[in-house]
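Visitor: I have not looked at this one before. Could you walk me through it?
Guide: Yes, here it is.

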Amino acid sequence: MEDKRELLKQPLHGIYIPILLILGGTLIFGVEYLPYSIAFIVIVGSSKIYQAWSRRSSLDKTVWRDFELIDKTIIGPMTSIYRFKLNREDEILDIPTGHHVACCFTIDGKDEVRYYSPISNQFDAGFFDILVKHYEKGKVTKRLAQLHEGQTVKFRGPFGKLNYESNVAKHLGLIAGGSGITPILQVITKIITTPEDNTKITLLFANETEKDILLKNEIDEIAKKYPDFEVHYTLTYPPKSDWNGETGYVSKEMITKYMPQVSLENRIYICGPPNMKISVRQQAEELGWEKENIFCF
Ligand SMILES: Cc1cc2nc3c(=O)[nH]c(=O)nc-3n(C[C@H](O)[C@H](O)[C@H](O)COP(=O)(O)OP(=O)(O)OC[C@H]3O[C@@H](n4cnc5c(N)ncnc54)[C@H](O)[C@@H]3O)c2cc1C
C-alpha cells in the first residue's frame, strides 16, 4: 500500500493543479495580471519547497550527518543502548526492516566505519537507538563507550539487502547469535506491529552464557503477549542448574526441532558472527532448505 506520508515529502505535491488553475484563471481575466500570478506562484512554491526541505530525513545514504547522543543505557556485560536525536521531534527513523546504518569515527587520521542495526521501532519519534556490544580491543566500540551525552557521532544510511514484505512466509524461523539479535529484533517488531502480517515466528537465540543473552526480558515479554511468537535459547556454557534451554552451538537437531518445516512457504533468517552464519546456513541447506528461502544478514 502506498504510504501517503511520502507524498508530503515531495516538494511539488499539491502544487501542479493550483498552478495550472491560477495560470488558466489569469489568462481568462487578463494577461496584465500575469506578473502578480507568477509572483504568487513563486512565493507559494518556495514555501512548499522549504516545508519539504525541513521535513527531509535526518539520515542520508551518501552524506555523513552528525547525530547528538541523548541517552546511554548499560543493559548487560559490555553492552549498551545508545540513543541519538533526530532533526525533528515527530521524525521516525524510517528505514526498511532489517537494514542498518553506518557509523564513522576518525581514529588516528583514518575513518573507521562500522555498521549497526537500529532497534528502535516505527513508533519511536524523535530519536533512534542502537544496541552495541563492546569489545576490549574494539576501535569503534571503545570510542562509543567514551561518549558523553551532547556529543555527536557521524551516521549514514540506510543500507541492507533484506526486502521484507508482510506475509512473505507462513512461518518464519529466526536464528540469532549474540549481538546478531539486532536486525532480527527489527523483523520481529515489524511483524508484531503490523496487524495484517499473520506470520508465525520462532526465534532460536544462541549465546555463550546466560548473562550474555541481550534483551532477554523484553524478548520473553513479547513471547508472552504474542501467541504467534515463540523463543528458544541455547547456551555454549549453560548454568549448572535451572537451565531448561538447549546447550551448545546451533545444531541440525535444534533446527529441526524449532525452525519451521522445510517448505517453500516458510523462511529462515540468520544473523550472528560470520562463522555461525556459514555453519547454520550449511546445516539448513543439508536439511533440505532451498538457498532462496534462507537469508543471512
Ligand atoms: C550489517 C551489520 C550490522 C551490525 N549491527 C550491529 C549491531 O546492531 N550491534 C553491534 O554490537 N554490532 C553490530 N555489528 C558489528 C559492528 O559493525 C562492529 O563490527 C562491532 O561493533 C565491532 O567494532 P569495533 O570497531 O569495536 O571492533 P574492531 O576494532 O573492528 O575489532 C576488534 C576486535 O573485536 C572483536 N570483534 C569485533 N567484532 C566482533 C564480532 N562481531 N564478533 C566477535 N568478535 C568481534 C575481535 O576480536 C576483533 O579483533 C554489525 C555488523 C554488520 C556487518
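What follows is a chat about the ligand, the cysteines, the salt bridges and a surface patch.

Guide: One thing to know early: this is a predicted model.

Visitor: Fine. Let's start with the ligand. How many residues surround the ligand, and which are the closest?
Guide: The ligand has 16 residues around it. The closest are Arg114, Tyr115, Tyr116, Thr141 and Thr182.

Visitor: What does Tyr115 offer the ligand, a backbone atom or a side-chain atom?
Guide: A backbone atom. A polar backbone atom of Tyr115 is 2.7 Å from an oxygen atom of the ligand.

Visitor: And Tyr116, backbone or side chain?
Guide: Side chain. A polar side-chain atom of Tyr116 lies 2.7 Å from a ligand oxygen. Ser117 also has a polar backbone atom 3.1 Å from an oxygen atom of the ligand.

Visitor: How much of the ligand's accessible area does the protein cover?
Guide: On its own, the ligand has 920 Å² of accessible area, and the protein covers 62% of that.

Visitor: New topic. How many disulfides does the structure hold?
Guide: The count is 0. Take Cys103: the nearest cysteine sulfur belongs to Cys104 and is 7.4 Å away.

Visitor: Is Cys103 buried or exposed?
Guide: Cys103 counts as buried, because its relative accessibility is 0%.

Visitor: What about Cys271? Why is there no bond to Cys296?
Guide: The sulfur of Cys296 is the closest cysteine sulfur to that of Cys271, but the two are 8.6 Å apart, which is too far for a bond. A disulfide here would need the sulfur atoms within 2.5 Å. Cys271 is also buried, with a relative accessible area of 10%.

Visitor: On to charges. How many salt bridges are there in the whole structure?
Guide: A search of the whole structure gives 15. One of the pairs is Glu230 with Lys200, where the closest N and O atoms are 3.9 Å apart.

Visitor: Where in the chain do Glu230 and Lys200 sit?
Guide: Glu230 is in strand β9 (residues 229-235) and Lys200 is in strand β8 (residues 200-207), so this pair links distant parts of the chain, 30 residues apart. Glu230 is partly exposed at 35% relative accessible area, and Lys200 is partly exposed at 31%.

Visitor: How far apart are Glu285 and Arg281 along helix α8?
Guide: They are 4 residues apart in helix α8 (residues 274-286), which means about one helical turn separates them. Their side chains meet in a salt bridge, at 3.2 Å from N to O. Glu285 is partly exposed, with a relative accessible area of 28%, and Arg281 is partly exposed at 24%.

Visitor: Which residues are joined into one network by shared salt-bridge partners?
Guide: Lys110, Glu112, Arg114 and Lys139. Within that group, the side chains of Glu112 and Arg114 meet at 3.4 Å, N to O. Glu112 counts as buried at 6% relative accessibility, whereas Arg114 counts as partly exposed at 29%. Arg114 is also among the closest residues to the ligand.

Visitor: Last one. Which residues form the nonpolar patch on the surface?
Guide: Ile28, Phe29, Tyr33 and Tyr36 form the patch, with about 580 Å² of accessible area together.

Visitor: Where does Ile28 lie?
Guide: Ile28 lies in helix α2 (residues 16-29). With a relative accessible area of 73%, Ile28 is exposed.

Definitions and conventions. Residues numbered from 1 in each chain as written. Predicted model: local features only at pLDDT ≥ 70, side-chain atom pairs only at ≥ 80, totals over all residues. Heavy atoms only, no water. Patch = residues over 30% accessible without salt bridge, like charges linked within 9 Å, V, L, I, M, F, W, Y side chains within 5 Å. Areas by Shrake-Rupley, 256 points an atom, 1.4 Å probe, with all protein chains shown as cover. Salt bridge = Lys/Arg side-chain N within 4 Å of Asp/Glu carboxyl O. Helix = DSSP H or I, 4+ residues; strand = E, 2+ residues; numbered from the N terminus. Buried < 20%, exposed > 50% of the residue type's maximum accessible area, 1.4 Å probe, protein only. Near = heavy atom within 4 Å. Polar contact = N/O pair within 3.5 Å; in protein donor to acceptor, adjacent residues only side chain to side chain.
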